[in-house]
Amino acid sequence: MFDAGKQTEGITAESSGEAEEPDAGHKRSAGLRHSLQRTLKLYVSASRLALGQSAGQNRWLTAAGVAGALSFALLGTGLVALVAPYAGVQTAALTADDAPQIIALDADGTGAGSLSAMAGLRSTTGEALARTTESEEAPASPADIAALEAAEAEQEAAAAPAEPVGPQTVETKVAINNGETLMQVLTDAGADRVDAYHAIAAMKPHYSPTKLRAGQQISLTFETNPASGDESPAKLLTAISLQPDIDRAIEVTRTDDGTYKTRQFQKELTSGYARAKGSIQSSLFLDADKAGIPAPIIVEMIRMFSYSIDFQREIHPGDTFEVFFERKYDEEGVPVKSGQIAYAALTIEGKSYRLWRFKTADGDWDYYDENGNSMKKFLMKTPIDGARISSGFGMRKHPILGYSKLHSGVDFAAPKGTPIYAAGDGVVSKAGWVNGYGNYISVKHANNYETAYAHMNGFAKGMRAGTRVRQGQVIGYVGSTGRSTGPHLHYEIHIAGKKVNPLGVKMATGIKLTGKQLAAFKATRQKVTTQMAEAPLVTKVAQAGETSNKAN
């Protein structure tokens, strides 16, 4: 017979007992299941008895009682199944491993970034809880509390979203290609067309972009901002910098209000002198270049002596040269720019030609020989550089007409486009087409002298009748117009209307220094001699560095 009172008392005693060992908990669970099974059998027996006694009487009441008994039995069975896994386990003894975990996933969904932090948190929390369970009277130590807080902070930092990427500055260098404009360069580099337009407009008052040369480098600075939904970041042009001259830099920068402003920077260069010398084996230009003399200095030397020396007929192997000239050096002592010639000398077949640069009291400068005579003659012997004489003055068989005819001038063969200089100061009397001569210019000089230049490819700007020209000024360019078999300059000299041999005319010298001017010139000569003794000889390596810098 089932004793409900004793069963209840037994359950109450078990439930109110102290914490039991795990084996005792499993025994208690088995006893509880056994008691519920007995209760189920009791309800089934009672239902059968009631059903038999009341057959035919109030059957619907009996059926309802049976259904209620079955529901009670199923409910008891469910409770047993739910509570059984936790039988004998106290709430305070639950560890972090049994508690539900919350893991923050990384951007790729793996959660790897927070697993290590979570593992540390679980380990630290478990140890602290275990110590709390062992002794409820002893509070958690400060070290345990600090460990818990540090682990929680590490977990929060790992789960926190990444900070957004801010604007970044990007610098790049681009080179101007042949035929490119600055607008093309900027837009191809990623600049907005409107920004490029305003930057160029700000630059123009200080430097014209049309002066940019192929190969010249420009530094560009952009500010990039990550663009949402766009693979490439937006670019904002913030600066343009270039160096048009060796001692000058241009910088265009964007201001806070979106406009552009331009600044110029002048570099400080140190002045000095250099000297070079050598012997001529093929030509003055080639051999001076081998000696390390910059090209502008060589050209100036040729111009200086062209009044007295015919570089086509009078130069021979073994002739020597020497030059002393100004030079500019950068902060590191590297030569970056050449200045004026202070002294130059040529020795032709044993005869020396020496010239010094000197400025007179009225501010005019020129080159003078050791006696104070100006290098300039009334007319230049050869009004063209680097040309060879292809035909002299006199009777000859005309190459086109086919019969003998007086050749009334001297022909200088040179490449098409070679500059032609005015042989002396004067006024243009004719500039245009003349049959047989092609493009033709004639210049009237003092003392009834006149020079003529024929077969030109074209005229220099402003050349027309009445234009005043100075000695050495470019008036046209070598061509092959008119009756000509190839590009050359036909050069004539007329004295009182008579055509004479240009190579046989003895030209008077220019200015001759006297008095105080001569004394000042001699002092200059002595100073230059002292400076030359202290100046270093130039080298080809030094010239290469200088040429590279000048190109920029």
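The buried residues of helix α10 pack against a series of strands in this predicted model, namely β6 (270-279), β7 (320-329), β8 (335-348), β9 (351-359) and β10 (365-368). The residues of α10 that are buried are Leu 518, Phe 521, Val 528 and Met 532. They cover an arc of only 75 degrees around the axis, which puts them on the same side of α10. The face turned away from that buried side carries the exposed residues Lys 516, Gln 526, Lys 527, Ala 533 and Glu 534. The length of the helix can also be checked against expectation: at 1.5 Å a residue, the 20 residues of α10 (residues 515-534) should span 28 Å, and because the end C-alpha atoms are 30 Å apart, the model agrees with that value.

From this helix one may turn to the nonpolar interior. The largest nonpolar core has 57 residues, and those with the most contacts inside it are Leu 284, Phe 305, Phe 321, Val 323, Ile 341, Tyr 453 and Ile 475. Helix α9 gives the most to this core, with six residues. Apart from this core lies another, of 24 residues, among them Val 185, Ala 191, Ala 196 and Ile 200. Val 323 shows what surrounds one member of the 57-residue core: leaving aside neighbours within four places in sequence, Val 323 is in contact with Ala 274, Arg 275, Ala 276, Ile 293, Ile 297, Met 301, Ile 341, Tyr 343 and Ala 344.

Helix α9 (residues 295-305) also holds Arg 303, which counts as partly exposed because its relative accessibility is 27%. Within the helix, a polar contact of 3.1 Å joins the side chains of Arg 303 and Glu 300. Beyond its neighbours within four places in sequence, Arg 303 is in contact with Trp 365, Tyr 367 and Met 375. The C-alpha atoms of Arg 303 and Gly 472 are 8.4 Å apart in space, although these two residues are 169 residues apart in sequence.

The loop between β10 and β11 (388-391) is the place of Ser 374, a residue that counts as buried because its relative accessibility is 4%. The side chain of Ser 374 is joined to that of Asp 366 by a polar contact of 2.8 Å.

Strand β3 (residues 234-245) offers a further position to examine, Leu 236, which at 25% relative accessibility counts as partly exposed. Leaving aside neighbours within four places in sequence, Leu 236 is in contact with Asp 195, Thr 221, Phe 222, Glu 223 and Arg 254. Of these, Asp 195 lies 41 residues away from Leu 236 along the chain, and the C-alpha atoms of the two are separated by 8.0 Å.

How far such details can be read depends on the confidence of the prediction. The mean pLDDT of the protein is 75, and 64% of its residues reach 70 or more. Confidence is highest in strand β17 (residues 438-444), at a mean of 95, and lowest in helix α1 (residues 4-15), at 41. Over residues 91-119 pLDDT stays under 50, and for this stretch the model has 29 contacts beyond four places in sequence; over residues 541-545 pLDDT likewise stays under 50, with nine such contacts in the model. Where pLDDT is low, the predicted coordinates should not be read in detail.

Note on methods:
Residues numbered from 1 in each chain as written. Predicted model: local features only at pLDDT ≥ 70, side-chain atom pairs only at ≥ 80, totals over all residues. Heavy atoms only, no water. Helix = DSSP H or I, 4+ residues; strand = E, 2+ residues; numbered from the N terminus. Expected span 1.5 Å × (residues − 1). Buried < 20%, exposed > 50% of the residue type's maximum accessible area, 1.4 Å probe, protein only. Arc of directions from axis to C-beta. Contact = heavy atoms within 4.5 Å. pLDDT = per-residue confidence, 0-100. Polar contact = N/O pair within 3.5 Å; in protein donor to acceptor, adjacent residues only side chain to side chain. Core = buried A, V, L, I, M, F, W, Y, C linked by side-chain atoms within 4.5 Å.
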